[in-house]
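Work through the following exercises with the sequence and the model at hand. Each task is followed by a solution in steps.

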Amino acid sequence: MLYYLFDYLDREFDLIGAGVFQYISFRAGMATLISLLITIVFGRRLINMLQKKQVGESIRDLGLTGQMEKKGTPTMGGLIIIAAIVVPTLLFARLENIYVILLLGTTIILGAIGFLDDYIKVFRKNKAGLAGKFKVVGQILVGLIVGSTLYFSDAVVVREFDEVTGTDAQTEEVTPTYTDAKSTTTTIPFVKDNELDYSKLNPTENDLITAAIYILIVIFFVTAISNGANITDGIDGLAAGTSAIIGLALAILAYISGNAIFSDYLNVMFIPNSGELVIFCTAFVGACVGFLWYNSYPAQVFMGDTGSLSLGGVIAVLALVLRKELLIPVLCGIFVIENLSVVMQVSYFKYTKKKYGEGRRIFKMSPLHHHYQKMEIPEAKIVTRFWIIGILLAIIALATLKLR
């Protein structure tokens, strides 16, 4: 909103300083600042309100050190994160941008699903919360909306540069030409000719089958990473800190993908208008970092499903929009391994119970962070080490821009 106000003041009145709002870097910095202020200033007020309403977390005794001390800690703190993402984005981003609209919609819809789950747990005193099938339906719905928009919307294009058509007679500079075209291509990490066209997965020429394949892929990533973030949110600061690291890496990728000069230099797919996502990404990072003010060990508030489902979904959609979803196993490695640890534990337990008559376990407890808690490693140390691994994975993901 402020973007349009200052754009108008710059054009109509030539207001000194108003033109600075044209720069993505300035708006991204302001989005980060406002996001941090919202989480830190209004976070305290929300925590006090949740405490008055006795919106406390009900803890199931898993025999973990220090676990029962967290009983009664306010949950639904994800409301702080959502507000700190949405408000700065509305203030500083160009709201007609299709990618910004998709990300805001994803944040709000998945946040609403998570809020409903937390509401049932807290106010209806049902520890199971919203049935898992309804969460999955909500995630599939978001994936369907995102996938359909990315495939069918004319505003979603990739810039394809043509062969050189001539040179300027005076400067002797090459004059490249390009077309903005609909495309189902994505980026394959660590590969020289690093583009994969999902349409190649369709043995027929039917566009509807290609659309169905693409939308199913989108649904898979949104559901998997949203659940991965939800599972990771098990100890103080883990999900928020990991999400901040991933969000920062995605902000860099968004800036490169939306900048013609950098994308050409790094031979990265140029996606027109994707640079506007830098504002969203920086608000996202600011929200996660600001939330750590209250969520770092020992936590004064938990984000609950309100925050974790939304964070994971947003990360997945950002990667899909930037055509970097195949980087997710690296960039979101923490979420992926946490997810896999649960799948492996449950599958192996069922298999051994059927074969030997008693279930056996791979880990002391899943998800993986609980395995380390069972090993008596302090919670703060586990979180810090996971953050360090997350930083290493983010660096590796960014290094794929040149390592091919």
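**Exercise 1.** Classify Asn 267 as buried or exposed, and describe its backbone.

Solution. Step 1: the relative accessible area of Asn 267 is 51%. Step 2: the classes are buried under 20% relative accessible area, exposed over 50% and partly exposed in between, with a 1.4 Å probe and protein chains only. Asn 267 is therefore exposed. Step 3: Asn 267 sits in the loop between helix 8 (260-265) and helix 9; helices (H or I, at least four residues) and strands (E, at least two) are DSSP runs, numbered from the N terminus. Step 4: the phi angle of Asn 267 is near 55 degrees, which is positive although the residue is not glycine.

The model is predicted, so local features need pLDDT of at least 70 and side-chain atom pairs count only at pLDDT 80 or more, while totals for chains, interfaces and linings use all residues. Residues are numbered from 1 along each chain as its sequence is written, and side-chain values use heavy atoms, with hydrogens and water left out.

**Exercise 2.** State where Phe 190 lies and which accessibility class it has.

Solution. Step 1: Phe 190 belongs to the loop between strand 3 (185-187) and strand 4 (195-197). Step 2: its phi is positive, about 65 degrees, and it is not a glycine. Step 3: Phe 190 is partly exposed because its relative accessibility is 42%.

**Exercise 3.** Which residues are joined by cis peptide bonds, and where do the prolines lie?

Solution. Step 1: the bond from Tyr 297 to Pro 298 is cis, with omega near -10 degrees. Pro 298 is in the loop between helix 9 and helix 10. Step 2: Ser 366 and Pro 367 are also joined by a cis bond, with omega about 0 degrees. Pro 367 is in the loop between helix 12 (333-356) and helix 13 (368-374).

**Exercise 4.** Describe how helix 6 packs against helix 10.

Solution. Step 1: the axes of helix 6 (residues 207-232) and helix 10 (residues 304-321) come within 7 Å and cross at roughly 140 degrees. Axes are lines fitted to C-alpha atoms, for helices over the stretch in contact, and angles run from 0 to 180 degrees between N-to-C directions. Step 2: the crossing is right-handed, which means that the near helix is turned clockwise from the far one by less than a right angle. Step 3: contact means heavy atoms within 4.5 Å. Helix 6 contributes residues including Phe 221, Val 222 and Ile 225, and helix 10 contributes residues including Gly 312, Gly 313 and Ile 315. Step 4: this contact has ten nonpolar, six polar and one charged residues. Here Ala, Val, Leu, Ile, Met, Phe, Trp, Tyr, Cys and Pro count as nonpolar, Asp, Glu, Lys and Arg as charged, and the others, Gly among them, as polar.

**Exercise 5.** Do the same for helix 2 and helix 3.

Solution. Step 1: the axes of helix 2 (residues 24-52) and helix 3 come within 8 Å, crossing at roughly 145 degrees. Step 2: helix 2 passes helix 3 in a right-handed crossing. Step 3: among the residues that meet are Ile 34 and Ile 38 in helix 2, and Ala 84 and Val 87 in helix 3. Step 4: by class there are 13 nonpolar, three polar and one charged residues in this contact.

**Exercise 6.** How many residues has the largest nonpolar core, and what does Ile 315 touch?

Solution. Step 1: a nonpolar core is a set of buried Ala, Val, Leu, Ile, Met, Phe, Trp, Tyr and Cys residues joined through side-chain atoms within 4.5 Å. Step 2: the largest core has 88 residues, and Ile 315 is one of those with the most contacts inside it. Helix 9 (residues 277-295) supplies the largest share, twelve residues. Step 3: beyond four places in sequence, Ile 315 contacts Ile 225, Ser 243, Ile 246, Leu 250, Phe 284, Cys 332 and Phe 335.

**Exercise 7.** Locate Thr 242 and decide whether it is buried or exposed.

Solution. Step 1: Thr 242 is in helix 7. Step 2: Thr 242 is buried, because its relative accessible area is 2%. Step 3: not counting residues up to four places away in sequence, Thr 242 touches Ile 334, Phe 335 and Trp 387.
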